[in-house]
Amino acid sequence: MEASESTGTTPIPVWPGSAYPLGATYDGAGTNFSLFSEVAEAVDLCLIAKDGTETRIRLDEVDGYVWHAYLPTVVPGQRYGYRIHGPWDPAAGHRCDPSKLLLDPYGKAFDGEFDGDRSLFSYDIDAPAEPAPEESEDAALIVDTDDDIEAEDEAEAELAAEPEETSAPGLPGHDSLGHTMTTVVINPFFDWAADRAPKHPYHDTVIYEAHVKGMTATHPGVPEELRGTYAGLAHPVIIDHLVDLGVTAIELMPVHQFMHDQTLLDKGLRNYWGYNTFGFLAPHTGYSSAEKPGAAVSEFKAMVRSFHEAGIEVILDVVYNHTAEGNHLGPTISFRGIDNAAYYRLVDGDAEHYMDYTGTGNSLNARHPHTLQLIMDSLRYWVTEMHVDGFRFDLASTLARELHDVDRLSAFFDLVQQDPIVSQVKLIAEPWDIGEGGYQVGNFPGLWTEWNGKYRDTVRDYWRGEPATLGEFASRLTGSSDLYEATGRRPGASINFVIAHDGFTLHDLVSYNEKHNEANGEGNNDGESHNRSWNCGVEGPTDDPEILDLRGRQSRNILATLLLSQGTPMLAHGDEMGRTQQGNNNVYCQDSELSWMDWSLADANADLVEFTKRVIALRMKNPVFRRRRFFEGTPIRSGDQTRDIAWLTPAGEEMTPEDWDSGFGKSLAVFLNGEGIPEPNHRGERVVGDSFLLCFNAHDEEIEFSTPNSDYADEWAVVLDTAVPTGAKEAVIKAGDPLQVEARSLVVLRRTA
C-alpha cells in the first residue's frame, strides 16, 4: 500500500505495522507508527518535509481503537503529526478537528515552536474575552460559569455563518501546520557503556532540587554554548560542586516537553518552571545544546550517564495531572483533538467543560485505561530507556482521584504497585492538589515517599519563634512517625524540606516578611501570601551588620535542622550559597537572572557553602542521623536505662508533659544514642556509631544549657555551632558543665567519653 493522500511527489510504501508499541518506533530499518483514538472515524499520519510540505497517509489498520502502520523508508529525524477525522460535538465531549496538525502523545522528540496563531484554536479567538472562571463551591474545582458558556455559544453561532474549511461544523478551519510544533522520529540506540544506577537507599540520600537552565545559565566555568542545557548540567564543574557538597541525587524540575503560555509570551515572560507539559516521553528541546531535531534525547542520556558515573541519581519532577492544552479556551495541539473525552476529566453533565483539580484548566483522566497506559508507559520509558532513578509527582493527589475523592487504592496506585520496573525506583509524591480533600500528607501507600509539607511549616515556625511548636517540632525532627508509621513506612518516607522551587529561597525566607512578585505582571496577587517567613527586622536588603548576622544564623539553623533530621533531606538549588529572588516567591515565569543561580555567590558566601558541606558530611558519617527505623524511646538493653533517644530541658533534665506544653517552648535538647540503633546494615551487621546531644535555642536571648549527667556521657565535644559562619568550633564540655547557646542558634555535641 502507498500513501493515500499526498502533497509530495514520491510514493511512500505503507505496511500494516502493529498496534504496539504506541508512538513512532524506529527498529533500524523503518518506523512503526501507532496512535490510540476511540472517537476517530479516520486518522491521517502526516509526514512533514524540511520545506514544510505535507504528505498525508490514511491509516487503514485499526485494532482496539489503535491506528497503525509501518513505513519502511522512514528514518530518525522525520517530522510528523496526525489529523483526526471524527465528531465535533463539544457538548458530548468530542473535539475532533482535522484542520489541526496534532502532536503524538507518545512523541519522544519535538521540533519547532508554537507561534500563538489563531489556527491553534478550534474556536474564534477574536471573540470577546470571557470572565475568569469561578470556583465551584462543592468540589473547589475551577470550572466555567454560565457566562463563559453563553459567550462561547455566541462565538460558535457567529462562526456557523462563516465558510467552512473542514468537516467539523462551527469550526474556523484554519490549518495549524506551520504554526505548531511537529513530532520527530528518534534514533533509540545509545551507547550506555557500563552505566549502572547508584541505587542509594533513602536513608543514605541527600536530594538537590534543581532547574536545568537555572543551574548553568550564568556559570563562568560552563562553555557559553552549553549553558542552560543538559550538557551544561553534566559539565564537570557542576557535577564537582554537587559531589563536593555531598549530594547523592539531583531532582530536576520538569524536563518533559512543555509549552510556553501565550499569555506569558505576550508579556515578554516565559513558562520558566515548565509545569505545562504535553510531551510525556520527550526531553524538552529547549534544554538541548544542538539544533538537530531529536538531539535532546541523546544529550539527556549522556547527562544521566555522567551523573551516574559520579554516584548521583537523577530524579524527574513529572506533571501527569494536566496538560498544556488548558480548558475549553486553550489550543488544540494533541490530546484534545485526538480523543478529548478519553484523555481529560470532563464535568459530569457538562462535557463541554473540564474538571480542574490543579488550577491549570484541565485534569488528565486517570480513570481511563489508555490514559493510565500513557502514564505508565511514560514512567517505564524514562526508567528503561533514559535510565532515570525516580520521580517526584506534581500534585499527585490528582492522579488518585477516582471520582471526586482521593483514594489511595486508586487504579493508578495499583498499577504502580504491581509494575516490576516503576515500583523499584524512587517514587515521591507532592501529596496535595487544590480540590476538596486534596491535602493528603501521610496518606499515600506504603511504596511511596512524600514531600512533607508539615515538616516545612513546623521548622519555619519554630525558628521564627512561633509559640507552642515544641512537640510538633520534635515529631518532625525524628522522622514524622505520626504520619508514616501506620502505613508501614519508615523515616525515609518523609522527604524533608524547608525550601523548594515554589516559594521563597532560603535567603529570602529570612529576609522578607512579604512576597514581592511585581515583576510577574499580576499586581503581586500571585504566589503564596502566608510564607511563615521572618525578615529579622528589615524588609529586604540591608547593610545592618546585626541583622545580617541574625539572617546568617537563621539560614544555618534551618540547614542544620534539615540535614540532621531523620528522613530524607531535600535542598533547593543555590540555598547553599544564599541565592536570592529579591523577595519573589513565584518565579514560574521569570526566565532571567532573577531566577537563575548567581555563581558569584559561591565566593561571596563561601562560609555558607562550607557550612552546608560540613553538616552533610556530619549526617553521612554518623548513622544516628539517618536511621532506617523510628526511635522507640525505650532502654536499648536489659538493665540499662539509657534509651535510643531522650528529650531534655536546657537544665539537662528529662522533659515533662508540662515542659512540652509550655507556652514559651523555644528551647530543648535531644540526645541521640549511636549505640541504640536496632536495624542492621545491608550486610546484617550491627550498626554502632557516635552519640550526640543537640541543643536548640529559638529564643531571642542566649540560654545556658547544662549537659546531662554522666549516665549519658562524661565528656562532650562541640562539632557544630550555627552561631559560627562555617559551623566549626572546638570546645570540650564535661558532664554537668554549662554550655552557652547563643540566641537563635543550634549547637551539636558529640560524646567523646
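Let's start at helix α6 of this predicted model, which covers residues 295-309. The helix holds 15 residues and runs 22 Å from its first C-alpha to its last, close to the 21 Å expected at 1.5 Å a residue. Many of its side chains are worth a look: Ala295, Ala296, Val297, Glu299, Phe300, Lys301, Met303, Val304, Phe307 and His308 are buried. It helps to recall that an α-helix has 3.6 residues a turn, so residues three or four places apart point the same way.

What do the buried residues of α6 pack against? Their partners are the helices α3 (230-233), α4 (236-245) and α8 (369-384), together with the strands β16 (249-252), β18 (277-283) and β19 (313-318). After α6 comes glycine 311, which has a positive phi, near 80°.

From here, turn to the nonpolar cores. In soluble globular proteins, nonpolar side chains tend to be buried together. In this model the largest nonpolar core counts 164 residues, and Phe391, Phe393 and Phe412 have the most contacts inside it. If you select phenylalanine 393 and set aside its neighbours within four places in sequence, you will find it in contact with Val318, Tyr320, Leu379, Leu399, Phe412, Leu427, Ile428, Ala429, Glu430 and Trp448. There is also a second, separate core of 17 residues, with Ala669, Phe705, Val718 and Val741 among them.

Next, have a look at an open sheet of four strands, ordered β2-β3-β7-β6 with antiparallel pairing. Its edges are β2 (23-26) and β6 (61-63), each of which pairs on one side only. From one strand to the next, the twist averages 25°. At the β2 edge, four bridges join β2 to strand β3 (residues 31-36) in the antiparallel sense. One pair to pick out is threonine 25 with its bridge partner in β3, asparagine 32.

Finally, the cysteines. How many disulfides does a search of the whole structure find? The result is zero. Take cysteine 46: the closest cysteine sulfur, in cysteine 96, is 14 Å from its own sulfur, so the two are too far apart for a bond. For comparison, the cut-off for a disulfide is a pair of cysteine sulfur atoms within 2.5 Å. Cysteine 96 is likewise in no disulfide, with the sulfur of cysteine 46 as the nearest cysteine sulfur. Are these residues buried or exposed? Cysteine 46 counts as buried because its relative accessibility is 0%, and cysteine 96 counts as buried at 1%.

Note on methods:
Residues numbered from 1 in each chain as written. Predicted model: local features only at pLDDT ≥ 70, side-chain atom pairs only at ≥ 80, totals over all residues. Heavy atoms only, no water. Buried < 20%, exposed > 50% of the residue type's maximum accessible area, 1.4 Å probe, protein only. Helix = DSSP H or I, 4+ residues; strand = E, 2+ residues; numbered from the N terminus. Expected span 1.5 Å × (residues − 1). Contact = heavy atoms within 4.5 Å. Pairing = 2+ DSSP bridges. Axes fitted to C-alpha atoms, helices over the stretch in contact; angles between N-to-C directions. Core = buried A, V, L, I, M, F, W, Y, C linked by side-chain atoms within 4.5 Å.
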